[in-house]
Number of protein chains: 2
Amino acid sequence: MAELVGNLLVGQSGGPTAVINASLAGVLQEAGRHGCIEEIYGGVNGILGILNEELVDINEEKAKTIEGLKYTPAAALGTCRYKIDFKKKAEKAAQDMDRLFEVFQAHNIRYFFYIGGNDSQDTSHKIHLEAVKRNWDMRVIGVPKTIDNDLPHTDSCPGYGSVIKYNAASVMEIGFDVGSMATDEGSCCIVEVMGRSAGWIAAGTVLAKRTAACPPHIVLCPEVPFNEDKFLARVKEVVEANHYCVVVVGEGLKDEAGKELGADKSRVDAFGHPLLSGVADVLAEEVYGKLDLKTRTVKLGYAQRAASHFASATDANNAHACGVAGVKAAVEGQSGFMVKIVRETAADGSVKWSTGLQDLGDIANVEHFIPRDWITEDGFLPNEKFVAYARPLIEGEVKFPVEGGLPKYAVLEKSKIEKKLAPRA
Amino acid sequence: MAELVGNLLVGQSGGPTAVINASLAGVLQEAGRHGCIEEIYGGVNGILGILNEELVDINEEKAKTIEGLKYTPAAALGTCRYKIDFKKKAEKAAQDMDRLFEVFQAHNIRYFFYIGGNDSQDTSHKIHLEAVKRNWDMRVIGVPKTIDNDLPHTDSCPGYGSVIKYNAASVMEIGFDVGSMATDEGSCCIVEVMGRSAGWIAAGTVLAKRTAACPPHIVLCPEVPFNEDKFLARVKEVVEANHYCVVVVGEGLKDEAGKELGADKSRVDAFGHPLLSGVADVLAEEVYGKLDLKTRTVKLGYAQRAASHFASATDANNAHACGVAGVKAAVEGQSGFMVKIVRETAADGSVKWSTGLQDLGDIANVEHFIPRDWITEDGFLPNEKFVAYARPLIEGEVKFPVEGGLPKYAVLEKSKIEKKLAPRA
């Protein structure tokens with residue numbers, strides 16, 4: 001494979017995580033090691049900014065700022081939920097693709113990295129196919145990212161280990177709190193966590209459970225259809241045994257007819273997914289109304305996916321490794337792949353990870369769910385198979401500097417590259 | 001003052017905090033140093049358990065468990081919201097008081113410590129007056145605790161520094177997240193925090209604000225009557241400037257008529273306070289409905305007051321010092337006081353704390369609010385006076401052991417003391 005000389009462009013996409021910047025740091029740090037990569041650019045707000053030719057010069061950033069990305073939450077370059085939708089908006093999508101390649105060519109982009117989840121891998125796949133079609137020699141690599149952990153073919157998704165570490169710690173702490181207030185009257189606390197269609201995030205909180213009596217007592221995943229009667233019966237049972245019950249619920253929980261409990265159908269995001277909120281409140285009304293039990297809710301919301309103050313070092317390391325591996329693969333001539341994480345379990349049970357490549361065509365728009373046999377038969381708790389999978393992902397704490405009692409996160413300068421094109425039509 | 005020989009009883013009351021156990025550790029560790037204190041007992045679930053003669057033997061606990069209380073959230077002895085209410089339930093209250101003194105006398109309790117907030121200090125005050133009246137020689141000391149920071153006469157309340165440290169970190173992280181997703185369309189995130197009538201907790205998140213453009217952009221405290229038009233105008237202004245807006249709201253926010261925005265009047269707790277929920281959702285509906293702005297909510301709920309994984313070392317140290325000082329004062333002959341925290345600011349601006357005593361009669365049922373001149377004139381942000389007060393309270397991080405990627409908190413054995421009385425009528 002002949003050496004490909006030119007510039008690199010990297011963008012971040014979709015909902016941020018605690019470690020998406022660690023992947024960015026991996027891309028940027030590895031890119032600096034290869035002479036064939038001349039300029040290193042960041043796309044502002046992912047594809048959306050690239051379409052507007054909003055590029056920033058990474059070589060103007062301090063090395064210590066790049067290093068600081070390893071412990072900084074959210075998308076340092078900015079992110080977007082913009083989709084190039086050939087199915088629903090074919091004409092617009094074709095225009096977008098033309099524009100993207102104008103930008104790539106104007107800035108001699110030969111290496112393109114897109115860090116994101118399902119939709120972003122789909123975008124990367126389309127760009128790769130288009131580059132081949134247009135005969136524009138450019139290496140396109142998708143770098144995985146999503147707290148939802150629903151990308152196929154990878155052991156886990158960067159961002160997932162950190163969100164469940166923080167959520168499990170929070171559920172443990174909430175459990176101490178609610179448990180210490182538990183008297184004969186009983187009480188219930190319902191914690192709503194993210195997870196639109198897969199229950200990986202909700203399930204991860206089971207790691208807080210050190211004994212059978214410990215919270216969480218019930219974990220409701222969208223994979224298991226919700227049955228109100230069985231749920232209320234279980235809450236009652238748990239409260240009778242412990243005087244309190246901590247329930248964790250994924251925001252996308254569905255009833256047996258497939259209807260989302262917390263969905264407000266009138267609000268949708270750019271991809272047509274309904275904006276969800278309030279499943280914890282729906283359940284709280286049921287528990288309070290039908291069991292007459294004092295019930296409070298917690299909705300960790302954005303706090304959970306940005307909680308770098310208690311991120312998983314394992315997760316951050318894997319995220320960084322994915323960025324590094326992506327650049328190495330591209331420099332070696334690969335294109336059209338997503339970097340995946342590969343688990344190696346030693347005979348003594350210890351776990352290590354390496355990276356591999358998977359064709360982007362295998363990834364795009366495929367969702368990976370929790371295997372049904374990783375959840376107890378009654379559907380109320382992830383079982384030991386899930387725990388064996390998830391436990392290693394939360395090992396280790398990411399160190400970060402503190403100033404005035406609060407984390408001191410890194411912020412990019414974002415020195416803008418001069419535009420060469422006329423504004424987008 | 002003649003030496004008073006006898007047993008010690010300590011209880012915890014009201015909503016738990018990240019450091020109420022640090023105060024408990026202070027009481028227990030200091031008590032062990034005084035020969036006049038014979039047995040050391042803990043009351044299970046505060047007054048409620050004491051009325052049922054549910055006492056545990058602290059001398060059966062390992063020293064390292066007691067030491068571990070310094071980093072363990074929630075009330076290790078259990079807590080309650082039980083009130084001895086002479087105003088509304090005089091007969092029941094008189095019976096309760098008789099029963100309490102039966103328990104005190106049966107177990108020769110000569111030192112009584114009650115760790116709690118406003119209502120608990122009121123309980124301590126009544127017990128002190130009753131002991132004097134009944135001529136039962138017992139030293140009664142209240143140890144302050146409340147995330148609400150609304151006790152008078154003390155610089156701050158143990159629990160407050162930790163809740164605002166965690167909340168400020170969360171708001172900072174949420175700000176990074178929402179900011180990184182901000183595009184021309186704009187978005188808003190509303191974070192609901194605790195605070196029934198005082199806005200100390202909401203105000204504390206202003207510490208996340210490192211520049212004028214940083215979140216939180218708007219902080220709504222219950223002390224400032226809410227005006228919807230002005231609020232929406234400010235959100236619009238912030239979004240026009242930054243493309244996003246992070247709002248923090250105290251759960252007890254009231255409109256100009258004094259009505260709580262998130263109150264459901266049909267639900268009240270044992271003290272007659274309404275159970276609040278949902279002010280963030282109320283505001284989100286306004287922002288989404290009237291400004292057509294994508295709006296998400298976060299409700300940290302119990303997670304915030306139990307977040308020992310990011311507790312303030314300053315707060316934990318002050319909490320411990322209050323427990324120690326309470327025992328020292330009692331051994332020296334004092335009774336009927338609450339330990340208070342006294343701030344000493346050096347010429348160079350550095351802050352130290354010591355403890356003092358305040359008559360319980362000055363504390364009970366008095367609420368301390370944020371001075372109006374610590375909030376900007378328009379009412380939308382705490383100002384530099386507030387920051388100068390609050391910043392030192394979040395300094396330092398509490399260390400805790402980790403096991404399997406999660407905190408390993410201490411759990412008391414709670415070896416029960418044999419009951420000597422007939423069950424409570």
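A residue is buried if 20 or more other C-beta atoms lie within 10 Å of its own, exposed if 12 or fewer, and partly exposed in between. Keep that rule handy for the exercises below, and remember that this is a predicted model.

**Exercise 1. Two non-glycine residues with positive phi**

Task: work out where Asp292(A) sits in chain A and decide whether Asp292(A) is buried or exposed.

Solution:
- Start with the backbone. Phi of Asp292(A) is near 55°, which is positive even though the residue isn't a glycine.
- Next, find the spot: Asp292(A) belongs to the loop that links helix 9 (279-291) to strand 11 of chain A.
- Now count neighbours. Asp292(A) has 10 C-beta neighbours inside 10 Å, so it counts as exposed.
- Try the recipe again on Asn135(A), another non-glycine, whose positive phi is about 60°. Its loop runs between helix 5 (118-134) and strand 5 (139-144) of chain A. Because Asn135(A) has 6 C-beta neighbours inside 10 Å, it is exposed.

**Exercise 2. The overall build of chain A**

Task: which radius of gyration does chain A have, and what would a compact globule of 425 residues give?

Solution:
- Take the rule first: 425 residues packed as a compact globule would come out near 22 Å. Chain A has 22 Å, so the two agree.
- For the outline, the C-alpha atoms fill a box of roughly 70 × 45 × 45 Å along the principal axes.
- Inside, 59% of the 425 residues of chain A count as buried.
- Then look at contacts with a separation of 6 or more: 77% of them in chain A join residues 24 or more positions apart.
- As for secondary structure, chain A carries 12 helices and 15 strands.

**Exercise 3. Splitting chain A into domains**

Task: what are the two domains of chain A, and how many residues of each are in contact with the other?

Solution:
- The domain assignment puts 6-146 + 309-364 + 398-407 in domain 1 and 160-305 in domain 2.
- The C-alpha centres of these two domains of chain A are 33 Å apart.
- At the junction, 14 residues of domain 1 of chain A meet 11 residues of domain 2 of chain A. The domain 1 side is made up of 6 nonpolar, 4 polar and 4 charged residues.

**Exercise 4. Two covered helices**

Task: what does helix 1 of chain B pack against, and what span should helix 11 of chain A have?

Solution:
- Helix 1 (residues 20-31) of chain B reaches 17 Å between its end C-alpha atoms, close to the expected 16 Å.
- Of its 12 residues, 11 are buried, leaving helix 1 of chain B mostly covered. Among them are Ile20(B), Leu24(B), Val27(B) and Leu28(B).
- The partners of those buried residues in chain B are strand 1 (6-12), strand 2 (37-43), helix 3 (63-68), strand 4 (109-116), strand 5 (139-144) and helix 11 (313-331).
- Over in chain A, helix 11 (residues 313-331) should span 27 Å, because it has 19 residues at 1.5 Å a residue; its ends are 27 Å apart, which agrees.
- Helix 11 of chain A is mostly covered too, with 17 of 19 residues buried. Just past helix 11 of chain A, Gly333(A) has a positive phi of about 110°.

**Exercise 5. How the chains pair up**

Task: which element of chain A gives the largest share of the side that touches chain B, and what rotation superposes chain A on chain B?

Solution:
- Chain A and chain B bring 53 residues each to the contact.
- On the chain A side, helix 6 (160-180), strand 11 (294-299), helix 10 (301-305) and strand 15 (406-407) each give at least two residues. Helix 6 of chain A has the largest share, 12 residues.
- Sorted by class, that side of chain A has 28 nonpolar, 16 polar and 9 charged residues.
- On to the symmetry: a rotation of 180° with 0.0 Å of shift along its axis lays chain A on chain B, with RMSD 0.0 Å. The copies are therefore related as by a two-fold rotation axis.
- In chain A, Lys299(A) has the C-alpha nearest the axis, 2.4 Å from it.
- Both copies use the same surface, since 100% of the contact residues of chain A recur in chain B.

**Exercise 6. A cis bond in each chain**

Task: where in chain A does Pro216(A) lie, and what is omega for the peptide bond from Pro215(A) to Pro216(A)?

Solution:
- Pro216(A) is in the loop between helix 7 (200-204) and strand 7 (218-220) of chain A.
- The bond from Pro215(A) to Pro216(A) is cis, with omega near 0°.
- In chain B, the bond from Pro215(B) to Pro216(B) is cis, with omega near -5°. Pro216(B) lies between helix 7 (200-204) and strand 7 (218-220) of chain B.

Definitions and conventions: Residues numbered from 1 in each chain as written. Chains lettered and ligands numbered in written order. Predicted model: local features only at pLDDT ≥ 70, side-chain atom pairs only at ≥ 80, totals over all residues. Domains from an automatic or database assignment. Contact = placed C-beta atoms within 7 Å. Nonpolar A, V, L, I, M, F, W, Y, C, P; charged D, E, K, R; others polar. Helix = DSSP H or I, 4+ residues; strand = E, 2+ residues; numbered from the N terminus. Expected span 1.5 Å × (residues − 1). Rg over C-alpha atoms; globule rule 2.2 N^0.38 Å. Least-squares fit on C-alpha atoms with pLDDT ≥ 70 in both.
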